[in-house]
Every structure is written in C-alpha cells, then in structure tokens.
Amino acid sequence: MNTEEQIRKMTDIMASFVGYTAVRLPDDVVSKLSSLRAAEPDPAALSIYDMMFENMRLAAELKRPSCQDTGLVQFRVECGSRFPLLESLEKLLGDAVRKATAETPLRPNAVEPFEEVNTGDNTGSGAPAVWWHIVPGWDGCAIHTYLAGGGCSLPGHAAVLMPGEGYEGAVRFVMDRVAEYGPNACPPLLIGVGIANSAETAAMLSKEALLRPVGSHNADPKAAEMEQLLEDGINAMGIGPQGMGGNASVLGVNLEKAVRHPATLAVGVSFSCWTHRRGHIVFDSDLKFKTDTHTGFTSEQ
Ligand code: SF4
C-alpha cells in the first residue's frame, strides 16, 4: 500500500469506528447499566432502565444512533513518533468525521461561533477536537474517541479554589454541579474530575478521566478514595436514571490529578450521560487494529 492508500484505509476505519460508537455503547457501559438495573428496586427507575436496553437493542438492530444528539466528535490521540501516518493524522480524522456524519448518519452539531452557521458536517474551527500525546519511538497509534453530547457537556465547569478550601471544597464544587445539572444530563452519569494547578489543566484532566473505563480506579489510593466518596455521595442524592429517582445516579466517578501550585487548588468536572459513547482503537504500523471497548467491531460495519 502506498501512503495515499494507507490514508484512505485509516480514514475508512475511523469513520466506521466513530459511526459504530454512535450506535453501540462500549462493553463496560452496557455491563454497568446491566448491574445497576439488577440492583434497582424502584419500579419507575426499573422501567427507565428497561427503556434504555430497548433503545440499545433497536439502535443495534436498525443501525441508528443510540441518541439523536450524536454530539461533537473528540479524539485523544496517543501517537507513536514512528507511526507512518503521523503527519496525515489530524486531516485524516477530520475526513473520517465528515464521512461518519454522512454515512452513519451523525447529526450535524458544529456551529461556527459569531457566524452562527451550522457547518453541516461536524467539522469547523477546532472540530473535531484532537488532543495530542506523542509516544517517543513507538510505531503504533492509539485513539480514544468520544461523542460529546450537548446535555452532558453543558454542566462542564472548572475553577481555581483557594487552597484553604481543601479537598472538601473540591468535593462541594463537584456535588453542587451535579445537584444543579445532574438530573438534566441524562443520568446515570459518568463524572470526570480533574485536580490540578490551573483551570484549563483541571478541565482537560476531567475530560481525560471520562475516557477511562467505567469501574476503573485512580492508581493513587487517596484519589481512588475520593472517587468512591464522590460516587457514594452522588448516589445518595437519589437522582436515579433520567432524574426519576432511584438507587444509582452515576455509572461511576473517575478522577485524574496533576501537581498543584501551593497557592492554588484547581478542580474541573466533566459529565457524560448514560449513552457514554467512548471508544478506544489501537493501530499498528500496518494499520491492523484492535479495540478494547467494542467487542465485535470490524471495519466492515
Ligand atoms: S445527554 Fe446524552 S442521552 Fe441525553 S440527549 Fe444528550 S447525548 Fe442524548
């Protein structure tokens, strides 16, 4: 394959994968929803879970997105410095989004600010978002995909707290946001939290936290404890699936951290909804790929 053929092949695979993630939720989310449903005693909440599973069944059967809001496409790329298509990747991902928008189809959601015009293909200034991490010496490329819906992006927030507010202040910041916006963001939610030195770092970490598997925990025991305390606290609010009340309000809480300045304690929070459409696909240098989020995905979808 020459470079042009390789670019076409990877574009097709990525378009197909993005479309697939719009239709089928990742394995970890389906499994978590299933266990939440099994543990739910409330009849109204149970009927919501039943509707979610019926929605998933019909989406797969009809090959239609699991929600009408297919969001804006975001990519976190961990690309090897020796990956053959490194230089073409950003353009290729934009082409893949255009293709997925036309073929899946995805709802066009990219509105250019100030012009207030929908571009019609989910691309535009800064869209799709591509966040880069270069892995020195590797010849492969791992790509996290995420469809950021409007309702679950709306609650996103970051602030720099006075350090004297402590981790209690960070918890209050997250809980207040969940109390205010949680019921409208289509729970059960996945809550991403970032703790860092500045607002933009905390915000980015909170989004990266959403890309971690549901049920995973931060390697730092204290950060993991805070994840668990937040999860227990938010569940105790009783928001329940679709805000109708119930045992569980979250799929989980994932927290990522970076050092903070002695004079700052920044906290960021990102939400994802029950249709948590994240994907993870890893290519080798021959463009053979595997995914650990979507069992059954092939490039022929
Ligand atoms: S919050 Fe999620 S499930 Fe609700 S409308 Fe938005 S994308 Fe769809």
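Helices and strands here are DSSP runs, numbered from the N terminus, with at least four residues for a helix (H or I) and at least two for a strand (E). With that naming, Asn 235 belongs to helix α8, which covers residues 221-236. Keep in mind that what you're looking at is a predicted model.

**The chain as a whole**

Let's start with the big picture. There are eight helices and eleven strands in the chain. Its radius of gyration is 19 Å, close to the 19 Å from the globule rule for 301 residues, so the chain is as compact as a globular protein of that length. If you lay the C-alpha trace along its principal axes, the spans are about 55 × 50 × 40 Å.

Of the 301 residues, 50% are buried. Take the contacts between residues at least 6 apart in sequence: 79% of them join residues at least 24 apart. The accessible surface adds up to about 13500 Å², and carbon and sulfur atoms own 55% of that. As for charge, the chain carries 25 positive and 37 negative charges, and the mean positions of the two sets sit 3 Å apart.

**Two asparagines**

Back to Asn 235 in α8. Is Asn 235 buried or exposed? Its relative accessibility is 18%, and the cut-off for buried is under 20%, so Asn 235 counts as buried. Its side chain gets to the backbone nitrogen of Val 250, at 3.2 Å. Val 250 is also on the list of residues that Asn 235 touches, together with Asn 247, Ala 248 and Ser 249, once residues up to four places away in sequence are set aside.

The other one, Asn 109, sits in a loop, with α4 (89-103) on one side and β2 (111-112) on the other. Asn 109 has 17% relative accessibility, so it counts as buried. What does the side chain of Asn 109 reach at 3.0 Å? That would be the backbone oxygen of Gly 71. Leaving out residues up to four places away in sequence, Asn 109 touches Asp 69, Thr 70, Gly 71 and Leu 72, plus Asn 118 and Asn 122.

**Backbone oddities**

A bit of background first: most residues other than glycine have a negative phi, and most peptide bonds are trans. Here are four spots to check against that.

| Site | Feature | Angle |
|---|---|---|
| Thr 104 to Pro 105 | cis peptide bond | omega about -5° |
| Ala 127 to Pro 128 | cis peptide bond | omega near 0° |
| Phe 114 | positive phi, not a glycine | phi near 70° |
| Gln 242 | positive phi, not a glycine | phi about 55° |

Where do these sit? Pro 105 is in the loop between α4 and β2, and Asn 109 lies in the loop between α4 and β2 as well. Pro 128 falls in the loop between β3 (117-118) and β4 (129-135).

Phe 114 is a loop residue too, placed between β2 and β3. With 84% relative accessibility, Phe 114 counts as exposed, because the cut-off for that is over 50%. Gln 242 lies in the loop that runs between α8 and β8 (250-257). At a relative accessible area of 29%, Gln 242 is partly exposed.

That loop ties back to the opening: Asn 235 is in α8, and its side chain reaches the backbone nitrogen of Val 250.

Methods:
Residues are numbered from 1 along each chain as its sequence is written. This is a predicted model: local features need pLDDT of at least 70, side-chain atom pairs count only at pLDDT 80 or more; totals for chains, interfaces and linings use all residues. Side-chain values use heavy atoms; hydrogens and water are left out. The radius of gyration is taken over C-alpha atoms; the globule rule is 2.2 Å times the number of residues to the power 0.38. Buried means under 20% relative accessible area, exposed over 50%, partly exposed in between (1.4 Å probe, protein chains only). Contact means heavy atoms within 4.5 Å. Accessible areas come from the Shrake-Rupley method with a 1.4 Å probe; for residues, only the protein chains shown count as cover. Lys and Arg count as positive and Asp and Glu as negative; His and the chain ends are not counted. The place of a charge is taken as NZ of Lys, CZ of Arg, CG of Asp or CD of Glu. A polar contact is a pair of N or O atoms within 3.5 Å; within protein, one must be able to donate a hydrogen and the other to accept it, and residues adjacent in sequence count only if both atoms are side-chain atoms.
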